[in-house]
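Could you walk me through this structure in the viewer, one selection at a time? I am new to it and would like to know what to click on next and what I will find there.

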Amino acid sequence: MSHPTLSSQEVAQRGKELYEKSIRAKVETQKNIGKIISINVETGDYEIGDDLVETSLRLRSKQTDAVLWGEKIGFDAVYAVGGTLLRMAQ
């Protein structure tokens, strides 16, 4: 599937919208809190795992040119550099 070039802001917006509207309710469970989710912002497909590279590679094996967005389930960021991650889930 070819796609127009998306800015990083557009990728982030699409990824966050998909997560909030159609994915979050399915994946934000005790078992998944703290795991990484990679989302194909064009198809809504996603992979969950312990590592951003691992989940991204699994999605790219299905669609090599996939545009991906990653999140840490239940937190405000994937990684923290010089700060702390804030827990968003209950």
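Here is a short tour of the strands, the helices and the salt bridges, in a model that is predicted.

**Stop 1: the two strands.** Start by selecting residues 36-40, which form strand E1. Then add residues 46-49, which make up strand E2. The two strands pair in the antiparallel sense, with four bridges between them. To see how they line up, show the side chain of Ile37, which stands opposite Ile48 in E2.

**Stop 2: the turn of the hairpin.** Now follow the chain from E1 to E2. Five residues lie between the strands of this hairpin. Click on Gly44 here: this glycine takes a positive phi near 85 degrees.

**Stop 3: the two faces of E2.** Keep E2 selected and show its side chains, which alternate along the strand. Which residues point to the buried face? They are Glu47 and Gly49, while Tyr46 and Ile48 point to the other face and are not buried.

**Stop 4: Glu47 and its partners.** Stay on Glu47 for a moment. With 16% relative accessibility, Glu47 counts as buried because the cut-off for that class is under 20%. Next, select Arg58, which forms a salt bridge with Glu47, the closest N and O atoms being 2.9 Å apart. This pair links distant parts of the chain: Arg58 sits in helix H2 (residues 52-62) and Glu47 in strand E2, eleven residues apart. Arg58 itself is partly exposed, at 29% relative accessibility.

Now add Lys62. Glu47 also forms a salt bridge with Lys62, and here the closest N and O atoms are 2.6 Å apart. Again the pair links distant parts of the chain, with Glu47 in strand E2 and Lys62 in helix H2, 15 residues apart. Lys62 is exposed, having a relative accessible area of 53%. To complete the picture, add Glu54: Glu47, Glu54, Arg58 and Lys62 are linked in a network of salt bridges.

**Stop 5: a pair within helix H1.** Finally, move to residues 8-27, which form helix H1. Select Arg24 and Glu20, whose side chains meet in a salt bridge (2.9 Å, N to O). Why are these two separated by about one helical turn? Because they are four residues apart in helix H1. Both count as partly exposed: Arg24 has 25% relative accessibility, and Glu20 has 46%.

Before you close the viewer, you may like to look for the rest: the structure holds five salt bridges.

How values were computed: Residues are numbered from 1 along each chain as its sequence is written. This is a predicted model: local features need pLDDT of at least 70, side-chain atom pairs count only at pLDDT 80 or more; totals for chains, interfaces and linings use all residues. Side-chain values use heavy atoms; hydrogens and water are left out. Buried means under 20% relative accessible area, exposed over 50%, partly exposed in between (1.4 Å probe, protein chains only). Two strands pair if DSSP finds at least two bridges between them. A salt bridge is a side-chain nitrogen of Lys or Arg within 4 Å of a carboxyl oxygen of Asp or Glu.
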